[in-house]
Amino acid sequence: MSIYTTEGAVTITCHKHMMPYLEQEVTALGYTVDETFVTGVKLRASVNACIRLNLNLRCASQVLYSLKSFRAFNADEVYRNLVDFPWEDLIPEAGNFSITSNVKNDTINNGMFANLRVKDAIIDRIREKRGTRPSTGAALTGAVIHLFWKNETAEVFVDTSGESLARHGYRKIPGQAPMLESLAAATVYATRWDRTSPFVNPMCGSGTLAIEAAMIATNRRPGLFRTNYAFMHLTGYDEQVYFDEDAKLEEQITEVPGLRIIATDYSERAIENAKKNAIAAGVAGMIDFSVCDFADTEIPPDVPGIFFVNPEYGERLGEVNELAETYGRIGDFMKKKCGGYFGYVFTGNLELAKKIGLKAKRRIEFYTSTIDCRLLEYELYSGTRDTGKLPLNTPI
Ligand SMILES: C[S@@+](CC[C@H](N)C(=O)[O-])C[C@H]1O[C@@H](n2cnc3c(N)ncnc32)[C@H](O)[C@@H]1O
């Protein structure tokens, strides 16, 4: 039995609050989601199908193919449950593997110990069958085995991704406080942007939002920028399956003539970096970059457009006081200059958000690795221009 062609239980993980967008992406690729949970979705798929998921998903972190579920009260039971598993059929002789885990069990105060017991089980089994010890390491560049262990419930997976899919691989220069690419993509999805009207992104920093918007509009997938995945390092891998999926990524790119994506920042360095990142992502020609205060950003008259800012949140008091004025100016600018647009402010500071002084129509929850955030949506009316209607269910 090859895991590449045999359907099994697959769990796709994502960051908190991104599951609805991940679910829509998975469904749009033609798969049926059986179950959702706070940080992911579950479905049935083969590892060959996981190849497609890895290359295409923007909102995912890891695509995990389940090998075995069992009950374990302590780390020795994890070992006992795994030492009989036929690891020699999965991990090639010349290959190497690493272990990752998500552990919450009272008998363990260091997840590394659980990893060690999984590693021991795999090595002991392979040494017994082959007489040689496979090589292991911390880098996620070879095969990756993942342990999920909560209370007494344990499940062991092949992690088909390795390095997290949340980074999309094109950003070479992060700049200050960049958004994670998967988060930026999810927030663009959350705007329900129709992908043909203007997308205006002042305070663009390293350009993540504008670049993700350009990639979404033209159907450029993260797999275009990545050449190594953990699924490539297991016995039975047929590289033709990957080559075929990879070729499809190029074929499915669609250009959108006349699309306006505008990205500005008052920092020259930020714009330089954002341009380099956009070049790496292959979308530099689609984005008009300029250096200016956000309030001097061009707002094309075509409506409905999207105005999207991600201002700093501020950690120290002095910064927060200064930012209060900036948030107030953002509110004024949206009200006076963005009539007919939908305005979005992504922030981790809800006190500062109050300074915007406009009533948010939707407050969409998100989470960075450390902080609860909101994407605030404002419907911006104007005396002369009616707010156009964004299609409320733009397919992902
Ligand atoms: C939190 S960062 C944006 C990060 C961005 N989303 C990314 O992924 O890289 C905020 C950006 O706003 C810019 N900024 C702050 N105040 C500004 C102003 N008044 N006008 C224009 N840009 C401003 C900063 O230079 C910084 O790049």
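# A guided tour: cores, sheet and two residues

Start by selecting Ile-12, Val-26, Trp-87, Leu-90, Ile-261, Ile-287 and Phe-366: these have the most contacts inside the largest nonpolar core, which has 105 residues. A nonpolar core here is a set of buried Ala, Val, Leu, Ile, Met, Phe, Trp, Tyr and Cys residues joined through side-chain atoms within 4.5 Å; buried means under 20% relative accessible area, exposed over 50%, and partly exposed in between, using a 1.4 Å probe and protein chains only. Helix H6 gives this core its largest share, eight residues.

Before going on, note that this is a predicted model, where local features need pLDDT of at least 70 and side-chain atom pairs count only at pLDDT 80 or more, while totals for chains, interfaces and linings use all residues. Residues are numbered from 1 along each chain as its sequence is written, and side-chain values use heavy atoms, leaving out hydrogens and water.

Stay with Phe-366 and show its surroundings: among the residues it touches are His-17, Tyr-21, Leu-183, Phe-346 and Leu-375, with residues up to four places away in sequence not counted. Contact means heavy atoms within 4.5 Å. For a second, separate core of 22 residues, pick Ile-262, Phe-294, Val-309 and Tyr-378, which are included in that core.

Next, the sheet. Colour the seven strands of an open sheet in the order E11-E10-E9-E12-E13-E15-E14, with mixed pairing. Strands (E, at least two residues) and helices (H or I, at least four) are DSSP runs numbered from the N terminus, and two strands pair if DSSP finds at least two bridges between them. At the edges, E11 (287-291) and E14 (362-367) each pair on one side only.

Zoom in on E10 (residues 261-265), which pairs with E11 in the parallel sense over five bridges. Ile-262 has Asp-288 in E11 as its bridge partner. Now add helix H6 (residues 208-217): H6 packs on the sheet and touches E9, E10, E11 and E12.

Still in E10, click on Thr-264. Is Thr-264 buried or exposed? Thr-264 is buried, because its relative accessible area is 1%. Its contacts include Asn-201, Cys-204, Ser-290 and Thr-297.

Finish at Arg-192, in the loop between helix H5 (181-191) and E9. Arg-192 counts as partly exposed because its relative accessible area is 22%. Draw a line between the C-alpha atoms of Arg-192 and Ile-364: they are separated by 12 Å, although the two residues are 172 residues apart along the chain.

Methods
Axes fitted to C-alpha atoms, helices over the stretch in contact; angles between N-to-C directions.
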